[in-house]
Amino acid sequence: MIVLVGYASAHGSVREIAERVASRLEGAGCRVDCRSLEDGGPGNPAEWDACVIGSAVHNQDWLPDARQWVERYTAELSRMPVWMFSVGMSRAVGYRLRARAEEEQRRRVLKELRERIHPVEHKVFSGKVHPEHLNPVGRTLFRAMGGRYGDYRDWPMIEAWADSVAERLAARAEWGSPPGRGGGSR
């Protein structure tokens, strides 16, 4: 299996998560290309057997480069195994808002694209947030919501998820399943 791990990162947090996912997949025997989705991304995903795609979430949506890449290649992605992950700051907000923020990200982010692509899974992680990541208004709102700056990435959770992706890919390869969902090969 050759897997594309594509990402869009505003401040490096998502890139670091993508690199960790790629490392875990490589450790499980996959060949992996870990690439940014900026400036048009790595090209047509049909060059790979599977994709793991992630982006930072700003204003309840993926970054424009990631969203545009997925929209451009929706047809190709809908015919192959795809895992998606979103990185927001739900764990950084106050305890009273945390569960609601996590649920909103799971429910709303990329809803229409997920319905067209039908990813194997869409996982939501928390990232890191520092004062310089937000403009003055954003910092004020963040503090009003009880937000706390810091690194909220749960590396054991991220690694466990990457390992589950690797297991699913290995099972596909073991059973001789074609890479695409629709029964065809690339």
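These are my notebook entries on one strand, one buried arginine and the salt bridges of this structure.

**Entry 1: what I am looking at**

I am working from a predicted model, so everything below is computed from its atoms.

**Entry 2: strand β1**

I began with β1, which covers residues 2-8. How many of its residues are buried? I found seven of seven, so I noted the strand as mostly covered.

Next I sorted the residues by the way they point. Ile2, Leu4, Gly6 and Ala8 go one way from β1, while Val3, Val5 and Tyr7 go the other way. Both sets are buried.

Then I looked up the pairing. β1 pairs with β2 (residues 31-36) in the parallel sense, over six bridges. I picked out Tyr7 as an example, and its bridge partner in β2 is Ser36. β1 also pairs with β3 (residues 50-58), again parallel and over six bridges. Here I picked Leu4, whose bridge partner in β3 is Cys51.

What sits with β1 and β2 in the β-α-β unit? It is helix α1, residues 13-27, and I have the unit down as right-handed.

**Entry 3: Arg67**

I moved on to Arg67, which lies in helix α2, residues 64-72. Is Arg67 buried or exposed? Its relative accessibility is 15%, and the cut-off for buried is under 20%, so Arg67 counts as buried.

Which residues does Arg67 touch once I leave aside its neighbours within four places in sequence? I listed Asp61, Trp62, Leu110, Glu112 and Leu113.

I then checked its side chain for partners. A polar contact of 2.9 Å joins the side chains of Arg67 and Glu71. The pair also goes into my list as a salt bridge, 2.9 Å from N to O. Both residues are in helix α2, four residues apart, which is about one turn of the helix. Glu71 is partly exposed at a relative accessible area of 38%, whereas Arg67 is buried.

As a reminder to myself, side chains of opposite charge can pair when their charged atoms come close.

**Entry 4: other salt bridges**

How many salt bridges does the structure hold? My lookup gave 10. I went through some of them.

Within helix α1, I looked at Glu19 and Arg15. Their side chains meet in a salt bridge at 3.5 Å, N to O. Why are they about one helical turn apart? They are four residues apart in the helix, so about one turn separates them. I noted Glu19 as partly exposed, with a relative accessible area of 38%. Arg15 is partly exposed too, with 31%.

The side chains of Arg24 and Glu159 meet in a salt bridge as well, at 3.7 Å, N to O. This pair links distant parts of the chain: Arg24 is in helix α1 and Glu159 is in helix α7 (residues 155-174), 135 residues apart. I have Arg24 down as partly exposed, with a relative accessible area of 30%.

**Entry 5: back to Arg67, then a network**

I went back over the α2 pair before moving on: Arg67 and Glu71 both lie in that helix, and Glu71 is the partly exposed partner at 38%. After that I looked up salt bridges that share partners. Which residues do they join into one network? I wrote down Glu16, Lys128, Asp151 and Arg153.

Key: Residues numbered from 1 in each chain as written. Predicted model: local features only at pLDDT ≥ 70, side-chain atom pairs only at ≥ 80, totals over all residues. Heavy atoms only, no water. Helix = DSSP H or I, 4+ residues; strand = E, 2+ residues; numbered from the N terminus. Buried < 20%, exposed > 50% of the residue type's maximum accessible area, 1.4 Å probe, protein only. Polar contact = N/O pair within 3.5 Å; in protein donor to acceptor, adjacent residues only side chain to side chain. Contact = heavy atoms within 4.5 Å. Pairing = 2+ DSSP bridges. Right-handed = clockwise from strand over helix to strand, strands pointing away. Salt bridge = Lys/Arg side-chain N within 4 Å of Asp/Glu carboxyl O.
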